[in-house]
Every structure is written in C-alpha cells, then in structure tokens.
Protein chains: 2
Amino acid sequence: MVPARVSLVTLGVSDIARSRAFYRALGWETGVDMDGFAVFRTGGSLLALYPIGELTQDLGDEATEDGVMAGLPRRTSLAINVGSPEEVDQAVVDALAAGAAMLAAPAAAPWGGYTAIFADPDGHAWEVAHNPGWPLGADGLPQLP
Amino acid sequence: MVPARVSLVTLGVSDIARSRAFYRALGWETGVDMDGFAVFRTGGSLLALYPIGELTQDLGDEATEDGVMAGLPRRTSLAINVGSPEEVDQAVVDALAAGAAMLAAPAAAPWGGYTAIFADPDGHAWEVAHNPGWPLGADGLPQLP
C-alpha cells in the first residue's frame with residue numbers, strides 16, 4: 001500500500017521571488033524560504049514553489065506519456081512523504097505493481113533525503129520522499145522546521 | 001486575505017475509470033465516486049480526478065500566459081474552498097489586488113455551488129469555491145458527504 005497522502009504540492013514557477021511575493025500578498029506564510037525553494041503552510045497540503053526548469057529536469061522527459069496528454073507537459077508535481085528510505089522503496093514497488101511508470105528510481109537526494117518519482121496513468125508525477133529534516137506529524141504530514 | 005488552503009488538487013485525466021482503478025490499487029479510498037468525477041480522501045488535500053478536456057475547458061485558454069510557461073498548458077488545478085458565495089467574491093477581489101489574473105469570474109456553478117478561477121503569476125489555476133454540499137470542517141477543509 002502507498003500511504004494516501006498529498007504531503008506537498010509543488011508549482012513550477014519562472015521567478016521564485018515574484019511568486020513568493022504573490023502568495024505573501026494573499027496573506028500566506030512561508031515555512032521554508034530559500035533562494036530557489038519556498039514552502040507555504042496551508043490548510044491541507046504544503047505548497048512549494050520551485051523553478052520550472054529544475055522541476056522539468058527532475059521529472060525527466062515526456063517519454064512515458066502518450067495519447068491525449070502528450071501535448072501537456074508537467075508543470076506541477078505532488079509528493080507523498082514517508083518515514084524512512086525503506087518506506088520509499090516499498091511504496092515504489094507497490095506503485096509499479098499498481099501500474100505506475102517510473103520517472104526516477106529511488107536514490108539519495110543531494111539535500112540529504114531519499115526519493116523516487118513515479119507517474120500515474122496520465123503521467124502525473126508523484127515523488128515519494130523521505131526527508132529526515134521534515135519529521136512526520138500525527139496526521140502523516142511533514143512538520144516544517 | 002485569501003484563506004491559505006489547498007482544499008482540493010484536481011488531476012486532469014484521459015480515462016477516469018482507469019485512473020480510479022490505479023489509485024484504488026494503491027489502497028486509496030474514494031469519498032465521491034461518479035462517472036465523471038472521483039475524489040479520494042488523503043492526508044492533506046483531497047485528490048480529485050476529472051476529465052482533462054473538461055478541465056481545459058473550465059480553465060479557459062492560455063491567453064493569460066506568457067514567457068517560459070507558455071508552452072506548458074495546465075493539466076492540474078488547485079482549489080480553495082470557502083464558507084459562502086460572499087467569501088468567494090472577497091477572495092477574488094483580494095487575489096486580483098495581489099496580482100492574480102482572472103480565468104473565470106465568480107458565478108453560480110451548474111452543480112449548485114458558486115465558484116471563480118484565478119491564475120497566479122505563472123498561470124497556475126486556483127478555483128475559489130463555495131460548495132454547499134461540502135461543509136468545511138474545523139481545519140477549514142471540505143467534509144465529503
């Protein structure tokens with residue numbers, strides 16, 4: 001089983017500073033605020049801003065996509081945060097068994113975590129992530145520092 | 001102020017039955033299950049499946065987009081659910097003041113609610129919705145029937 005979680009919604013953006021200013025102008029508050037990455041706390045999933053070029057690179061090309069979605073490249077991704085690298089591996093095994101396509105095999109991430117990315121039948125991207133800096137709360141959602 | 005909420009993440013899909021089967025195979029459970037719309041309960045935001053053609057139609061064309069995002073049509077949308085039609089109107093006023101672009105002006109929806117859609121600086125689509133059939137819980141998130 002893959003935990004039923006939308007931990008993080010990531011929006012690919014062309015100018016982080018501009019987008020951060022926009023969401024702040026809505027009255028929203030950041031929990032993480034770096035040059036190339038910002039995360040807002042919301043009711044529901046966390047909302048991240050990330051450079052669109054890096055998002056596209058992370059998610060790989062469109063090779064797994066076909067049919068009516070082929071002309072619609074990904075500009076967002078969703079994440080399921082889990083409690084350990086082993087849970088990442090298991091979730092990927094289960095997702096592939098359910099028919100997911102692998103976009104990025106489980107691997108250590110440069111930022112200290114362990115992640116994998118799979119695609120649903122239409123190519124929607126799901127990252128399964130263990131982030132040791134973001135422990136999971138009682139609701140299963142990551143607790144920002 | 002616009003409530004800081006990701007109430008619902010909607011994925012545009014080419015075959016609802018296929019996608020529903022996929023997410024069920026992950027072990028996820030639906031709270032709404034209709035021919036053309038399915039909503040899964042998750043830790044975090046609700047996850048909806050909706051036909052990609054209807055999603056594209058609802059969100060309008062790409063006229064508001066420019067720059068590096070122009071080649072990246074929307075295939076997802078996010079929703080902020082609020083408690084009344086008046087709160088929809090107010091959220092839209094505040095979002096436009098923050099620099100949002102209007103994709104769909106506030107209006108009664110065929111399913112009995114009242115909604116509007118705005119775009120962030122990169123064209124990411126946010127629906128602001130009052131759905132009388134989905135009362136808001138203590139956490140501000142919609143309670144499915």
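This briefing covers the fold of each chain, the sheets, the helices packed on them, the core and the contact between chains A and B. The model is predicted. Chain A has three helices and 10 strands, and 46% of its 145 residues count as buried. Chains A and B are related as by a two-fold rotation axis, since a turn of 180 degrees with a shift of 0.0 Å along the axis lays chain B on chain A.

**Fold of chain A**

- Along the sequence, the elements of chain A follow the pattern β-β-α-β-β-β-β-α-β-α-β-β-β.
- Taking contacts in chain A between residues at least 6 apart in sequence, 55% join residues at least 24 apart.

**Sheet and helices of chain A**

- Eight strands of chain A make an open sheet with mixed pairing, in the order E3-E4-E6-E2-E7-E10-E9-E8.
- At its edges stand strand E3 (30-34) and strand E8 (101-108) of chain A, each pairing on one side only.
- On average, and with direction ignored, neighbouring strands of this sheet are turned by 20 degrees against each other.
- Strand E4 (residues 37-40) and strand E6 (residues 46-51) of chain A run antiparallel and are joined by three bridges; within this pair, Phe40(A) stands opposite Leu47(A).
- Helix H1 (residues 16-25) of chain A lies across strand E2 (8-13), E4 and E6 of chain A, at about 155 degrees to E6(A).
- Helix H2 (residues 52-59) of chain A lies across E2, E6, strand E7 (76-81), E8, strand E9 (114-119) and strand E10 (125-130) of chain A, and its angle to E6(A) is about 95 degrees.

**Sheet and helices of chain B**

- In chain B, an open sheet of eight strands has the order E3-E4-E6-E2-E7-E10-E9-E8, and the pairing is mixed.
- Strand E3 (29-34) and strand E8 (101-108) of chain B each have a single partner strand, so one side of each lacks a neighbour in the sheet.
- The average turn between neighbouring strands of this sheet is 20 degrees, direction ignored.
- H1(B) packs on the sheet through contacts with E2, E4 and E6 of chain B, and its direction makes about 155 degrees with that of E6(B).
- H3(B) lies across E7, E8, strand E9 (114-119) and strand E10 (125-130) of chain B, running at about 10 degrees to E9(B).

**Strand E2 of chain B**

- Six of the six residues of E2(B) are buried.
- Leu8(B), Thr10(B) and Gly12(B) point one way from this strand, while Val9(B), Leu11(B) and Val13(B) point the other way.
- E2(B) pairs with strand E6 (residues 46-51) of chain B in the parallel sense over six bridges, and the partner of Gly12(B) there is Tyr50(B).
- With E7(B), the pairing of E2(B) is antiparallel and spans four bridges.
- Across E2(B) and E7(B), Leu8(B) stands opposite Ala79(B), and Val9(B) has Leu78(B) as its bridge partner.

**Nonpolar core**

- The largest nonpolar core holds 80 residues, of which Val9(A), Ala48(A), Val9(B) and Ala48(B) touch the most other members.
- Leaving aside residues up to four places away in sequence, Ala48(B) touches Leu8(B), Val9(B), Thr10(B), Leu11(B), Phe37(B), Ala38(B) and Val39(B).
- In soluble globular proteins, nonpolar side chains tend to be buried together.

**Contact between the chains**

- The interface brings 45 residues of chain B into contact with 45 residues of chain A.
- Elements giving two or more residues to the chain B side include strand E1 (5-6), strand E4 (37-41), strand E5 (43-44) and helix H3 (85-98) of chain B.
- H1(B) gives the largest share of that side, four residues.
- By type, the chain B side divides into 23 nonpolar, 13 polar and nine charged residues.
- Strand E1 (residues 5-6) of chain A runs parallel to E5(B) and is joined to it by two bridges; Arg5(A) has Gly43(B) as its bridge partner.

**Symmetry**

- Laying chain B on chain A by a turn of 180 degrees and a shift of 0.0 Å along the axis gives an RMSD of 0.0 Å.
- The two copies are thus related as by a two-fold rotation axis.
- Gly44(B) has the C-alpha nearest the axis in chain B, 2.2 Å from it.
- Both copies use the same surface, with 100% of the contact residues of chain B recurring in chain A.

Note on methods
Residues numbered from 1 in each chain as written. Chains lettered and ligands numbered in written order. Predicted model: local features only at pLDDT ≥ 70, side-chain atom pairs only at ≥ 80, totals over all residues. Buried ≥ 20, exposed ≤ 12 C-beta atoms within 10 Å, placed from the backbone. Contact = placed C-beta atoms within 7 Å. Nonpolar A, V, L, I, M, F, W, Y, C, P; charged D, E, K, R; others polar. Pairing = 2+ DSSP bridges. Core = buried A, V, L, I, M, F, W, Y, C linked by C-beta atoms within 7 Å. Axes fitted to C-alpha atoms, helices over the stretch in contact; angles between N-to-C directions. Least-squares fit on C-alpha atoms with pLDDT ≥ 70 in both.
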